[in-house]
Amino acid sequence: MVSCDVLIVGEGIVGCTAALAATEQGANVLIIEKAPQNVPHANTAFSGGSFRRVSQAYPAEKFYHDMISLSGGKADPELTKIMVEASQKARDWLTELGVPWTSKSRDPGASDQVDGQGKALAQILRRAVADRNIKTLHETEASSLILEGKKIAGARVSTKEGSSEISSKAVILAAGGFQANPEMVTRYIGPGGNNLVLRGSPYNTGDGIRMALEVGAKIDWMDDFHGGLIHYGYRKYLAEGAMAGMRSMKKYEVGILVNQQGSRFVDEGEQASDKTYAKFGKIVALTQPGGVAYVIFDSATKEIINPDYTGPERGPIEASSIRELAAKLEIDPDALYETVTRFNSSIEGDKCLSLNPLKTNFARRIEGPVFLAYKVTGGFTFTFGGLCTNTKSQVLDTNLQPIPALYAAGEIATGIFYGNYAGGSSLPRCAVYGRIAGESAASYVKQ
Ligand SMILES: Cc1cc2nc3c(=O)[nH]c(=O)nc-3n(C[C@H](O)[C@H](O)[C@H](O)COP(=O)(O)OP(=O)(O)OC[C@H]3O[C@@H](n4cnc5c(N)ncnc54)[C@H](O)[C@@H]3O)c2cc1C
């Protein structure tokens, strides 16, 4: 039987950072990954590579406040504080591994971006793992955990050859969320969730959550997820993003969002798009007719709004009047004309405080000479719910007691994101807690 000190399930940023940290502490580590080596897998590889972290321009208090307020006060204060305070250190640590950064920040001072985005990040992390002689077995799918008394002692796996067992002194679950599992999405989020466009890895099917539930783990916040406002082309031409990840719309807050009936339905200027795109994607997909909407703007803001989409029919759709634009979008021309006219006439400064919904920032008149639109829909980026863990990344049971020798981090774990999301904050969450999981598991096996 194959055996190791620490068995890690999943080869994304959490699996790799945990493996590197546990190895540094002297543990003998094995990673198993269910996807084949040479197909895109792990949301890490699909990500845009934005990495939010503390800096002089973005102090820890502001980052912490963003996390707590965007979650509607639900984010666990301790888990959040640790993530925020270690975010700069995590970035430094990735830099030491060779991760290059660009200055193409969406939110200057708040997040950096990996040069080469998630594809490069995943490659560098996997190379770092291989360079330290940490073995990764691909096409090896964990199916259940092995219990020895109350303690986890490895996992059952299936491979092309059949089923077998891997024994270990500790297991770290780094298998991502359940967004690619339609049955779990229906059960926990509702059938509408399956109408969203899966933005990332098809392998994140909630296996780790199911396996931990079978040994008594506590789960929470299973009804919520990161949506993402994306160009409609990603739905129509799925292959465009299926191999590389689907980027979200940027800076749409300088325009207005209307539905197929020509009506506004959100405060587009509630915050910068970096702090609304995750929830607006959900709102469009789950609540608006046909699961679509349109960003309407004009020639003055054409260079600001970036659909971040390179596929066919990338737009923008152009017209010389609002009525002509409406006809192209199959919206009732009178309805769109009325919406834009009321919007323009209610702007005071950069706000529309007499409208319902309000537009509280970034309001600019839409007056041509060219009128433009992007068709958008909702993506499904990753689930917010999952395993309850403590600050050492130990998986908790339903009495909130650690399950001996079981650790989890990243997308598979809950407690930090709910309701809304600040762009670029999952990767730091994963890097910080991936390292903590690796260190905790290594120190446990040394005892
Ligand atoms: C399109 C897109 C863009 C994003 N952009 C950003 C961004 O710019 N900034 C940011 O902070 N976050 C971003 N995110 C979110 C972020 O990428 C993820 O939350 C993060 O990478 C998750 O890391 P992880 O290690 O937890 O999971 P993953 O990287 O998804 O890794 C999980 C791995 O586990 C494997 N696995 C699953 N089940 C099993 C099993 N039974 N046995 C063995 N292996 C298994 C999977 O195949 C996968 O390889 C983005 C996500 C997407 C989809």
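These notebook entries record what I looked up in the structure, which is a predicted model.

**Entry 1. Domains**

I began with the domain assignment of the chain. It gives domain 1 as 2-224 + 386-446 and domain 2 as 229-380. I then looked up the separation of their centres, taken over C-alpha atoms, and noted 33 Å. For the contact between them, I recorded 22 residues of domain 1 against 23 residues of domain 2. I also sorted the side of domain 1 that touches domain 2 by class, and found eight nonpolar, 11 polar and three charged residues.

**Entry 2. Surroundings of the ligand**

Which residues are the closest to the ligand? I listed Gly10, Gly12, Gly200, Tyr203 and Gly410, out of 43 residues that surround the ligand. I next asked which elements each supply at least two residues of the shell. Among the elements that do so I noted helix 1 and helix 2 (43-46), together with strand 7 (141-148) and helix 13 (426-446). By class, I entered 21 polar, 15 nonpolar and seven charged residues for this shell.

**Entry 3. Helix 1 and helix 5**

Helix 1, already noted for its part in the shell around the ligand, was examined against helix 5. I took helix 1 as residues 13-24 and helix 5 as residues 117-131; their axes come within 10 Å and cross at roughly 30°. Because angles under 35 degrees count as roughly parallel, I entered helix 1 and helix 5 as roughly parallel to each other. Their crossing is left-handed. On the side of helix 1, I found Ile13, Cys16, Ala19 and Leu20; these meet Leu121, Leu125, Arg126, Ala128 and Val129 in helix 5. I classed the residues of this contact as eight nonpolar, no polar and one charged.

**Entry 4. Helix 3 and helix 4**

I then turned to another helix pair. Helix 3 (residues 60-70) packs with helix 4 (residues 77-96) at an angle of about 140°, and their axes are 9 Å apart. Is this arrangement oblique or roughly antiparallel? Only angles over 145 degrees count as roughly antiparallel, so I recorded helix 3 as oblique to helix 4. The crossing in which helix 3 passes helix 4 is right-handed. Helix 3 makes the contact through Ala60, Phe63, Tyr64, Met67 and Ile68, and helix 4 through Thr80, Lys81, Val84 and Glu85. I divided the residues of this contact into six nonpolar, one polar and two charged.

Note on methods:
Residues numbered from 1 in each chain as written. Predicted model: local features only at pLDDT ≥ 70, side-chain atom pairs only at ≥ 80, totals over all residues. Axes fitted to C-alpha atoms, helices over the stretch in contact; angles between N-to-C directions. Helix = DSSP H or I, 4+ residues; strand = E, 2+ residues; numbered from the N terminus. Parallel < 35°, antiparallel > 145°, perpendicular 65-115°, else oblique. Left-handed = near helix turned anticlockwise from the far one by under 90°. Contact = placed C-beta atoms within 7 Å. Nonpolar A, V, L, I, M, F, W, Y, C, P; charged D, E, K, R; others polar. Near = placed C-beta within 6 Å. Domains from an automatic or database assignment.
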